[in-house]
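Reader: I'd like to go through the ligand site with you and ask how each label is earned. Can we start once the structure is up?

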Amino acid sequence: MKYIENYINGEFCAPASGEYLDNIEPATGNVYSKIPESDKSDLEQAVQAAEKAFPKWSAMSTEDRSRLMHKLADAVEAAGDQLAKAEAIDNGKPVAFAKAVDSYRASANIRFFANACTQFSSESHNMGETGVNYTLRDPIGVVGTISPWNFPLYLFTWKVAPALASGNTVVAKPSEVTPMTAYLFSKICHDVGIPKGVINILHGSGPNIGQLLVEHKKIKAISFTGGTATGKKLAATAAPMFKKLSLELGGKNPTLVFADCDFDRTVNEVVRSAFSNQGQICLCGSRIYIERSIYDKFKHAFIEKVKQLKIGDPLEKATQHGALVSKPHMKKVLSYVELAQQEGGTVLTGGKQVTLDGRCEYGFFVEPTVIEGLTLNCRTNQEEIFGPVCTIQPFDSDEEALSLANGTDYGLATSIWSNNLTRCHSLAKQLDFGIVWINSWLLRDLRTPFGGMKSSGVGREGGEEAMRFFTEPKNVCIKY
Ligand code: NAD
């Protein structure tokens, strides 16, 4: 049995409590490692280490900091195969997907912010003959990051990299559901010589160590990605303490398919957007609206493609659809399929747990599921399912498509499939989402603002936005 360790002040340590949680491999249902259940005293040590490391790390020239972060990115890239395999075991996602998406992005995130810190600048405001203002953007101090299980290392590094690049020291908490790659990452940080205390990684459950992290007085900012309900709790704790808070939360994303789309390409991409990572991406399009004139044709082509997705052992290269992350999550997803039927929906394909032969016999596999016949206001179309379940529905006009798309509390991402550019731009302007993809999905440029509106979050990550979040602006005003 492998025991994961915390990483505090450059050292690997057991939790002070001696308590561990089980870490389960979703494809088999077996406990395969143990996770520290960290507590207040681990946190205190981590915060002290981060505080001690801050003056030197924040004073380091950006060139030197950038060089060290490039070294870290190189090492993460070199470990790409190992990290992808670890992610596939820990999360249940197909190993080929983990290599192409998770591993790739983990090193890309670090490399991006290693470069960003050398380009980051601040403003000056000229007052003519009276004087001038300039803005200092200094690192905040010790910051906390809390990340989810769907892209364990990808989203972990998406926060930690800008925090470090802008000169902060970090106490990071990965998801207790998928802790392995953050642990492997701590070893890489150690090997490449990230100074001790600059990054500290504490494992454990959200309501315990996660909550303590948010409550800690000396942690000045929290960057969080996770569910909307958890985000609400975090905000309730952090707001009265006046902490800087970035919240990347859930989604219920609409996909708008128009009759003039590039049909074959759109079918393929809409399948990808609904079912990548077993539908466990905050950006997945789970409400698919199709213009009525092509509804039947699209429906049949779509279902054909969905049925072809190869469900299998995440460790097999040919697998396209792996296991869901945990048994409780699988149960939740299946309960929504049941609910959809109670609400009047018809399951067109999928809807059931899959039992595989061999080592994956007890894994948490669910068929890719397509449901028809529901209206906007039912729970299935309003609540985030976060699994391989989507609904399809026809629409008759651009106005109707727009009102369906905007008709939930969420506002993370949407995609429009049409060759009418005027329509695309007009809809893009009116859609209440942080991200609008046109004839694409999950096409990412790390410089762009990333995040959601409404119940999907507060603040933006990515590029300049992240560098600004992790720095405190100070205006200096000089009178001539
Ligand atoms: P979650 O909210 O259960 O957990 C996220 C993290 O928060 C975990 O590390 C968890 O341990 C921690 N946590 C839980 N309770 C806490 C508390 N009281 N205080 C502090 N930390 C706490 O989310 P999840 O199930 O891990 O992830 C799935 C959710 O994340 C989905 O809703 C998904 O849409 C969302 N998500 C959003 C984005 C985005 O960029 N907007 C990206 C990925 C996932």
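Reader: What makes up the shell around the ligand, by class?

Author: In this predicted model, the shell has 13 nonpolar, eleven polar and four charged residues. Mind that Gly counts as polar in that split.

Reader: Which residues come nearest to the ligand?

Author: Out of 28 residues around the ligand, Ser147, Glu176, Thr230, Leu249 and Glu384 come nearest. To be in that group of 28, a residue needs a heavy atom within 4 Å.

Reader: Why is the pair between Glu176 and the ligand called a polar contact?

Author: The cut-off is 3.5 Å between N or O atoms. A side-chain N or O atom of Glu176 is 2.6 Å from an oxygen atom of the ligand, so the pair qualifies. Lys173 also reaches a ligand oxygen with its side chain, at 2.9 Å, and that is therefore a polar contact too. With Gly206 the backbone does the job: an N or O atom there lies 3.3 Å from a ligand oxygen, so this pair passes as well.

Reader: How much of the ligand does the protein cover?

Author: On its own the ligand has 840 Å² of accessible area, and the protein covers 90% of that. The space the ligand takes is the largest pocket.

Reader: Which helix gives the most to the shell?

Author: That's H7, with four residues. Helix H7 (206-215), strand E11 (221-225) and helix H8 (228-238) each supply at least two.

Reader: Which domains does the shell draw on?

Author: Domain 1 (2-249 + 456-479) and domain 2 (253-445) each provide at least three residues.

How values were computed
Residues numbered from 1 in each chain as written. Predicted model: local features only at pLDDT ≥ 70, side-chain atom pairs only at ≥ 80, totals over all residues. Heavy atoms only, no water. Polar contact = N/O pair within 3.5 Å; in protein donor to acceptor, adjacent residues only side chain to side chain. Areas by Shrake-Rupley, 256 points an atom, 1.4 Å probe, with all protein chains shown as cover. 1 Å grid on protein atoms, 1.4 Å probe; cavity = no way out; pocket = protein on both sides within 12 Å on 5 of 7 lines; lining within 4 Å. Sits in = over half its atoms within 2 Å of the grid points. Domains from an automatic or database assignment.
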